[in-house]
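Student: Please take one part of this predicted model and examine it closely. I should then like to see how that part connects with the rest of the chain.

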Amino acid sequence: MSQVSLRVIDSHTEGEPTRVVIAGGPDLGSGTMAEKSRRLREEYDWLRSATCNEPRGHEAMVGALLCEPHEPDCVCGVIFFNNLSTLNMCIHGTIGLAVTLAHMGKIGPGSHRIDTPVGVVVATLREDGSVEVANVPSYRKAADVAVEVPGYGTVYGDIAWGGNWFFLIDNQGPRVDFANLEALTEFTWLVRQELGKQGIT
């Protein structure tokens, strides 16, 4: 592959990083943002890897490719991704995108519609630089779903949608505390693996 030069702007939302690719990305053609996201994932995965993985990225990095929107009343389109794959949606990434657009002089204070692979979200930029996001509608698909987790027994959680799928667990596993970071990471990784193995998600 020939050498490619990308232009990016980094931001953080309360410490959560977002790297917006503002130039140099591939031409994803026409279609919905979901179609463009699939095209990026299947044909141009090098962009995700170069943006989010080491040596220039890390596992906490979220990337955002700025695109032309499919919906004509949107200020832009965006495809989010991380160190593993594309993402349907990202709230902290949308906040980072909004302040990046303001930094570029593309938007000012007010409400702005943004086209994503799961639909249109609205980012409201305030005079003080803070951002509020109205996400796509969320819902709980299933409650108290049981999954057997090695070393922890039966763990119960709710399956919910909010632009991405989530398995929400309350008061189970290691206590949520910074001192338990490694144990929490191991626990959540085990839960994620077992959800797939047991055909739950």
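Tutor: Cysteine 74 is a suitable starting point: its relative accessibility is 9%, so this residue counts as buried. Burial has not brought a sulfur partner with it, because the closest cysteine sulfur, that of cysteine 76, is 7.8 Å away, too far for a bond. Cysteine 90 is likewise buried, at a relative accessible area of 11%. The closest cysteine sulfur to that of cysteine 90 belongs to cysteine 52, at 10 Å, and is therefore also out of bonding range. A pair would have to bring its sulfur atoms within 2.5 Å to qualify as a disulfide. By this rule, the model has zero disulfides.

Cysteine 90 leads on to the interior. Leaving aside residues up to four places away in sequence, phenylalanine 80 is in contact with Cys90, and also with Val62, Gly63, Ala64, Thr86, Leu87, Met89, Gly93 and Thr94. Phe80 itself belongs to the largest nonpolar core, which has 21 residues. Together with Val78, Leu97, Ile114 and Val131, Phe80 is among the residues that touch the most other members of that core. Two or more residues of the core come from each of strand S3 (62-67), strand S4 (76-81), helix H3 (91-103), strand S7 (119-125) and strand S8 (131-134). A further core lies apart from this one; it comprises eleven residues, including Cys52, Val21, Leu65 and Ile79.

These features can be placed within the chain as a whole. The domain assignment divides the chain into domain 1, residues 7-134, and domain 2, residues 139-198. The centres of the two domains, taken over C-alpha atoms, are 27 Å apart. Contact between them involves five residues of domain 1 and four residues of domain 2.

There remains the sheet of S9, S10 and S11. This open sheet has three strands in the order S9-S10-S11, paired antiparallel. Strand S9 (139-149) and strand S11 (165-168) each have a single partner strand and stand at the edges, so one side of each lacks a neighbour in the sheet. From one strand to the next, the twist averages 30 degrees.

The pairing can be followed strand by strand. S9 and strand S10 (residues 153-161) are joined by eight antiparallel bridges. Among the bridge partners in S10 are glycine 153, paired with valine 149, and tyrosine 156, paired with alanine 146. The two strands form a hairpin with three residues between them, and in its turn glycine 151 has a positive phi of about 85 degrees. S10 then pairs with S11 over four bridges, again in the antiparallel sense. Here alanine 160 is opposite phenylalanine 166 of S11. Three residues lie between the strands of the S10 and S11 hairpin, where glycine 163 adopts a positive phi near 100 degrees.

Conventions. Residues are numbered from 1 along each chain as its sequence is written. This is a predicted model: local features need pLDDT of at least 70, side-chain atom pairs count only at pLDDT 80 or more; totals for chains, interfaces and linings use all residues. Side-chain values use heavy atoms; hydrogens and water are left out. Two strands pair if DSSP finds at least two bridges between them. Axes are lines fitted to C-alpha atoms, for helices over the stretch in contact, and angles run from 0 to 180 degrees between N-to-C directions. A nonpolar core is a set of buried Ala, Val, Leu, Ile, Met, Phe, Trp, Tyr and Cys residues joined through side-chain atoms within 4.5 Å. Buried means under 20% relative accessible area, exposed over 50%, partly exposed in between (1.4 Å probe, protein chains only). Contact means heavy atoms within 4.5 Å. Domain bounds come from an automatic or database domain assignment.
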